[in-house]
Amino acid sequence: MSATTCPDAAAPPVNVRGAGFVSFGVKHLVAARRGVHLLLAVMAGVLLTLLPAAPASAHAVLSQASPQQGAVLREAPATITLVFSERVQVIPGRTQVFGPDGKRINDGDAVQAERGLSIAIRTPDRPLGTYLVSYRIVSADSHPVSGAYTFSVGAPSNGPPPEVNDGIDPVVEKAVPAAKYAGYLGLVLAAGPVLMLALWYPARLSRRGLVVMSRTGFGLIAASTLAALWLQAPQSSGAGILDVSTGELTSVLTSGFGLALIARLAIVAVLAALVSRIHRRPGRPLGISVVVLALAGMLTWPLTGHPAASPQSAILVTADLVHLAAMAFWLGGLTVLAVFLLRRAATRELRVILPSWSRWAAISVYWLVAAGLLQAVVQTGTWHALVDSDYGRLLLIKTGLVVAVLAVAAVSRQLVRRAVTTRLRAAVAAEVVIAVVVLAVSAVLVQTNPARTVDVEAEAAAKAKGFVTTLNSPIYAVQFEVFPAEVGEYNTLHAFAYTPAGKPLTVVEWKVTASLPERGIEEIENPVGSLLGNQGLGNVVFPYPGDWQLKLTLRISDIDQATVTTTVPVR
């Protein structure tokens, strides 16, 4: 029902409330279309400026850490600093540092710092060995982000670091998109009846069903919002759905996320009360008030999601608002058509209502597609991210479903022109069913890391320095790090030898060579000295960038030795 059609000139006059407003809209449809075309042109210009730009942030990504991942230090640090790709919010009690003995050694909670956090730690009773840093923060788009990494003091521990659960409870993980879906469904059910009551609904038909549908939609929005406020705490902490403390809930309610959702609840309450007044045909003041309140309420969605956390936040927040408003207008109108108008209105009434509705639906679709295209380009970033990320693949699925809806709408357009009401009901019902699936995909999509995260994480990985690995031979295992693994003479190699059973192994002689076969560079010997029996410490030279072949030969007795080989990427 999104295509432009013409009214049947032979149709008799019908008393349709709001007809004056409809006539005004029809007169200005050409101007509206021109405005949409101008918007598309402006968006195209914006896209051209965005495409060559550096990758934008999505969910926060750890970009720097001190000490770094895999670093081997001489002594334990007093402070650990984490820097992320965007501003973050500290979650009390969810950032922890464990010493080599498995005990927590952070001195209180992490402290907020510029685009990151700082963690004060105490010196553990056993300072030598591997340390584990586990963090969980809330990124600027209100989504929790977690991770962990290790570094060592003196030498890595023989055993693995303690395990930390940094995931989301499975029940909470499923409840969050379910709450989002309820909110989108409520938006459709609330908006459709209000628009139809104000613009097209025949005066002779009872409006009670539409008022009930609209208030049901507002109820779903309110329930979804309350659920989102509650779920934000266990989603952030990783706890169970009922494991929420008063302090955690207070922290959510006083955050930007919580304040935006509280404002949404207040707006929903006011709009639900105004629905009954729209039943008596709204005047200009009431109509303007409803539109302003509706847009303010819908603005809370992008302000608590991906758009607000993007570098082009003003553009994306506006685009998402347009996208939501167009979606609510189009799908809400379709729902009212399928449930009420096509079943109750007379043919002569439909001949007046349907062409006018179809014109306005077409404008909604134009805005919907234009705003969605802008968001897709910014949040995806590159072609490979479109197919290499969950976000990109979900976006392709959503796009395919929208195309299917538009194809059915094209059929509806032809049926409207021929006034084939019976088949039109089936076509509109099909549009509604597919749209319900689109809303479900959208609910999952907004909880998925934007595809640009693929590039952000790749960039962060590219910035990470050092090379750490473990190699095994029949008579020993050797764990070592080359830092910073860059072109030049100063690349420290620190290695640790163990028996196959995992016990420290004394090494009589270390021999380390580096070669670059791709450039015909033969083996370069690098002196490595023994340290504390099972440790080797030396320096490796990488004259050129490339994939260097590093060969370690360890002699553990007069007759026993073995060689292991690995490839070290040097950039």
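## A pocket, two helix crossings and two cis prolines

The residues lining the second largest pocket split into 28 nonpolar, 14 polar and 3 charged. Keep in mind that this is a predicted model. The space in the second largest pocket comes to about 1,100 Å³. Its lining takes in 45 residues, and the ones closest to the centre are His323, Gly372, Ala376, Leu395 and Lys398. As for who supplies the wall, the elements giving two or more residues to this lining are α3 (170-199), α7 (284-303), α8 (313-344), α9 (347-380), α10 (383-388), α11 (390-418) and α12 (421-445).

Helix α7 is a good one to follow from here, since α7 is among the contributors to that lining and also packs against α6 and α8. In general, two packed helices are described by the angle between their axes and the distance between the axes. Here is how the two pairs look:

| Helix pair | Axes come within | Crossing angle | Handedness |
|---|---|---|---|
| α6 and α7 | 9 Å | roughly 150° | left-handed |
| α7 and α8 | 9 Å | roughly 125° | right-handed |

Start with α6, which covers residues 256-278. How do α6 and α7 run relative to each other, roughly parallel or roughly antiparallel? With a crossing of roughly 150°, and angles over 145 degrees counting as roughly antiparallel, α6 and α7 are therefore roughly antiparallel. On the α6 side, the contact uses Ala260, Arg264, Ile267, Val270, Leu271, Leu274, Arg277 and Ile278. Facing them from α7 are Leu286, Val290, Leu293, Ala294, Ala296, Gly297, Thr300 and Trp301. Sorted by class, this contact has 12 nonpolar, 2 polar and 2 charged residues.

Now for the other partner. The axes of α7 and α8 cross at roughly 125°, which makes α7 oblique to α8. From α7, the residues in this contact are Leu295, Met298, Leu299, Trp301, Pro302 and Leu303. From α8 come Val317, Asp320, Leu321, Leu324 and Ala325. By class that gives 10 nonpolar, no polar and 1 charged residues. Trp301 is worth a look on screen: this α7 residue is part of the contact with α6 and also part of the contact with α8.

Away from the helices, there are a couple of backbone details to check. The peptide bond from Ser66 to Pro67 is cis, with omega near 0°. Pro67 sits in the loop between β1 (62-66) and β2 (72-73). Another cis peptide bond runs from Phe483 to Pro484, this one with omega near 5°. Where is Pro484 found? Look in the loop between β11 (477-483) and β12 (488-498). That loop between β11 and β12 also holds Ala485, whose phi is near 60°, a positive value in a residue other than glycine.

How values were computed. Residues numbered from 1 in each chain as written. Predicted model: local features only at pLDDT ≥ 70, side-chain atom pairs only at ≥ 80, totals over all residues. Heavy atoms only, no water. 1 Å grid on protein atoms, 1.4 Å probe; cavity = no way out; pocket = protein on both sides within 12 Å on 5 of 7 lines; lining within 4 Å. Points joined across faces, edges and corners; volume = space filled by probe spheres on them. Helix = DSSP H or I, 4+ residues; strand = E, 2+ residues; numbered from the N terminus. Nonpolar A, V, L, I, M, F, W, Y, C, P; charged D, E, K, R; others polar. Axes fitted to C-alpha atoms, helices over the stretch in contact; angles between N-to-C directions. Parallel < 35°, antiparallel > 145°, perpendicular 65-115°, else oblique. Left-handed = near helix turned anticlockwise from the far one by under 90°. Contact = heavy atoms within 4.5 Å.
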